[in-house]
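Have a look at the chain below and turn it around a few times. Then we can walk through some of its features, one at a time.

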Amino acid sequence: MPPSVAVCIAFVAVIVTIAGAEDPYRFFTWNVTYGDIYPLGVRQQGILINGQFPGPDIHSVTNDNLIINVYNSSPEPFLISWNGIQQRRNSFEDGVYGTTCPIPPGKNFTYILQVKDQIGSFYYFPSLAFHKAAGGFGGIRILSRPRIPVPFDEPAGDYTVLIGDWYKANHTTLRRVLDGGHKIPFPDGILINGRGPGGASFNVEQGKTYRLRISNVGLQNSLNFRIQNHKMKLVEVEGTHTVQQTYSSLDVHCGQSYSVLFTADQPGQDYYIVVSSRFTTPILTTTGVLHYANSAGRVSGPIPGGPTIQVDWSLNQARSIRTNLTASGPRPNPQGSYHYGMINTSRTIILQSSSGQVDGKQRYGINSVSFKPADTPLKLADYFNIGGVFRVGSISDRPTGGGLYQDTSVLGADFRAYVEIVFENPSDIVLSYHIDGYQFFVVGMDGGQWTQASRNGYNLRDGVARSTIQVYPKSWSAIYVALDNVGMWNVRTEYWARQYLGEQFYLRVYTNSGSIRDEFPIPKNARLCGRAAGRHTRPL
């Protein structure tokens with residue numbers, strides 16, 4: 001038997017041991033390259049996966065094991081992260097620099113993921129070096145297992161819709177501006193599935209119902225999505241089946257994902273799909289086409305207008321998005337069987353956005369700390385007990401009111417703690433925040449300053465469970481989260497220039513049990529870099 005085959009067999013044996021042989025495997029091989037793209041009519045350098053921009057969709061079912069072999073044929077170190085995939089007990093695979101060594105140019109790395117106890121609509125993206133501004137993103141869908149009831153009939157079609165603001169400049173140019181301590185300019189346009197105005201088209205048949213999985217993979221702007229003359233029924237948000245309310249348009253903030261159903265119930269012709277920026281001057285707008293199979297004509301009439309700068313409209317819509325308590329989630333029991341509002345929280349963490357100059361350069365942070373990457377992924381330093389890489393408690397769990405400074409910020413938390421987290425946004429723009437490894441319950445959001453009295457208005461019954469939350473200008477948003485996933489988890493703004501310039505930190509959810517029931521061992525194939533180079537992962 002050739003040595004390479006023996007290694008592959010042993011490697012799969014390790015996978016089976018870790019992930020459990022009873023759940024199916026899906027294998028993917030991806031090649032990451034640079035290539036010319038023309039989304040806004042000018043040539044620019046894009047990041048392609050298997051020659052595609054955006055990258056290929058990942059289709060999976062609850063509990064599937066995803067084996068994704070990524071070859072980095074680009075000239076820069078590269079990582080992919082999986083927005084909303086919880087990486088249960090396995091933050092080593094999260095694909096951000098605090099957890100995973102970059103894939104060097106000309107090398108490969110195999111991600112071993114399990115979509116454990118998850119359903120819904122998510123996406124992946126490149127996490128390093130402002131690569132997200134060049135592409136490398138794609139949709140992830142996790143279907144329910146066959147015997148788990150879904151609270152709506154199977155649609156006639158199921159489309160991924162990736163929307164986002166976009167620059168004509170290459171990501172390397174934008175990165176140089178940020179590295180120089182400056183702000184990047186306003187985006188040049190909006191893309192739908194990697195295409196500019198009029199480029200994206202979705203085919204439907206009259207009388208049938210379709211599902212759209214809409215994700216905002218853009219860099220900074222909240223976007224409003226609408227379909228000319230059609231209503232949308234919201235059915236799922238980032239892995240939670242929602243109360244099925246009908247909307248004429250939907251605000252999708254940076255990093256967020258929504259599933260809607262719509263019925264092709266209009267006369268047979270083509271209709272505009274419209275995406276426009278929210279809370280901006282000027283307003284960016286782009287269109288796609290909803291094409292009826294029996295269409296008698298092209299799109300016509302004015303492009304349907306949508307909300308522009310109205311914060312209250314968006315806030316009220318956000319509050320209307322609630323969990324369907326009687327529907328099943330990834331398991332057959334109703335989503336409402338977990339009474340999150342009846343559990344006493346053990347800790348309140350308040351996270352406030354920060355902005356300022358550090359050494360004459362523009363930086364951003366949380367609670368006055370602007371994140372500075374270490375020379376070694378934090379999770380590897382933690383696993384190998386390498387000192388001097390980070391310090392737990394290097395960021396406060398309350399705003400300090402002090403000036404902005406740089407540090408490798410890590411906040412410690414206890415495994416199985418049940419905490420309240422309040423995000424405060426003193427700026428005049430909308431920010432959204434994501435917590436890797438978790439789904440949390442949105443309990444409240446409002447304008448002004450959060451106080452303990454704000455809890456009187458919390459939704460403690462059917463707040464939506466999700467992984468990315470928006471915070472409106474000069475406002476706050478509050479969540480409850482059960483810290484039941486051991487690991488080193490990135491907490492970041494989805495406003496990508498601010499994330500790149502320090503508005504992020506790592507939440508270290510820790511137990512000293514050492515049990516595989518609480519956390520998997522380091523993957524055998526983990527790349528070791530920085531001060532972890534030359535160490536050993538573990539025996540087969």
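How many nonpolar, polar and charged residues are there in the lining of the second largest pocket? Keep in mind as you count that this is a predicted model. By class, the tally comes to 17 nonpolar, 10 polar and six charged residues. That makes up a lining of 33 residues, and F371, P373, Q499, Y500 and Q504 are the ones nearest the centre of the pocket. Several elements each give two or more residues to this lining: α2 (171-179), β22 (361-366), β33 (487-493), α5 (496-500) and β34. As for the space inside the second largest pocket, it is about 550 Å³.

Now for the covalent side of things. How many disulfides does the structure hold? There is one, and it joins C101 to C529, with 2.1 Å from S to S. The two ends come from distant parts of the chain, 428 residues apart: C101 sits in the loop between β5 (80-83) and β6 (108-114), while C529 belongs to the segment after β34 (504-510). A disulfide is a covalent bond between the sulfur atoms of two cysteines. If you check the dihedral, you should get -90 degrees about the S-S bond, which makes the link of C101 and C529 left-handed. Are the two cysteines buried or exposed? Both C101 and C529 are buried. Another cysteine, C254, also counts as buried, because its relative accessibility is 3%, and the cut-off for buried is under 20%.

The loop between β5 and β6 has something else to show: Q87 is placed there too. Its phi is near 50 degrees, a positive value in a residue other than glycine. Q87 is at 2% relative accessibility, so it counts as buried. K474 repeats the backbone theme, with phi near 50 degrees, again positive in a residue that is not glycine. You'll find K474 in the loop between β31 and β32 (475-482).

While we're on backbone geometry, take a look at the prolines. The peptide bond from F53 to P54 is cis, with omega near -10 degrees, and P54 is in the loop between β2 (44-49) and β3 (58-61). Another cis peptide bond joins T281 and P282, with omega about 0 degrees. P282 is likewise a loop residue, between β19 (270-277) and β20 (285-292).

Next, a lysine. Where does K132 lie? Its place is the loop between β7 (120-126) and β8 (138-143). Why does K132 count as buried? Because its relative accessibility is just 1%, against a cut-off of under 20%. A polar atom of the K132 side chain lies 3.4 Å from the backbone oxygen of G218. Setting aside neighbours within four places in sequence, K132 is in contact with several aromatic residues, including Y123, F125, F137, W166 and W496. Its contacts also include P126, V217, G218 and L219, along with the acidic E494.

F225 takes us into a strand, namely β13 (residues 223-227). F225 is also at 1% relative accessibility, and therefore counts as buried. Which residues is F225 in contact with, leaving aside its neighbours within four places in sequence? The list runs V161, L212, I214, M232, S249, L250, I273, V274 and V275. To pick out V275, 50 residues separate it from F225 along the chain, yet their C-alpha atoms are 4.7 Å apart.

Let's finish with a helix. Which residues of α3 (residues 311-320) are buried? They are S314, L315, Q317, A318 and S320. The buried residues of α3 pack against β16 (246-247), β17 (249-252), β29 (440-447) and β31 (468-471). Zooming in on L315, a residue of this helix, its relative accessible area is 9%, which means it is buried. Not counting residues up to four places away in sequence, L315 touches M445, D446 and Y472. For a sense of scale, L315 and E76 are 239 residues apart in sequence, and 40 Å apart in space from C-alpha to C-alpha.

Definitions and conventions
Residues numbered from 1 in each chain as written. Predicted model: local features only at pLDDT ≥ 70, side-chain atom pairs only at ≥ 80, totals over all residues. Heavy atoms only, no water. Buried < 20%, exposed > 50% of the residue type's maximum accessible area, 1.4 Å probe, protein only. Helix = DSSP H or I, 4+ residues; strand = E, 2+ residues; numbered from the N terminus. Contact = heavy atoms within 4.5 Å. Disulfide = S-S within 2.5 Å. 1 Å grid on protein atoms, 1.4 Å probe; cavity = no way out; pocket = protein on both sides within 12 Å on 5 of 7 lines; lining within 4 Å. Points joined across faces, edges and corners; volume = space filled by probe spheres on them. Nonpolar A, V, L, I, M, F, W, Y, C, P; charged D, E, K, R; others polar. Polar contact = N/O pair within 3.5 Å; in protein donor to acceptor, adjacent residues only side chain to side chain.
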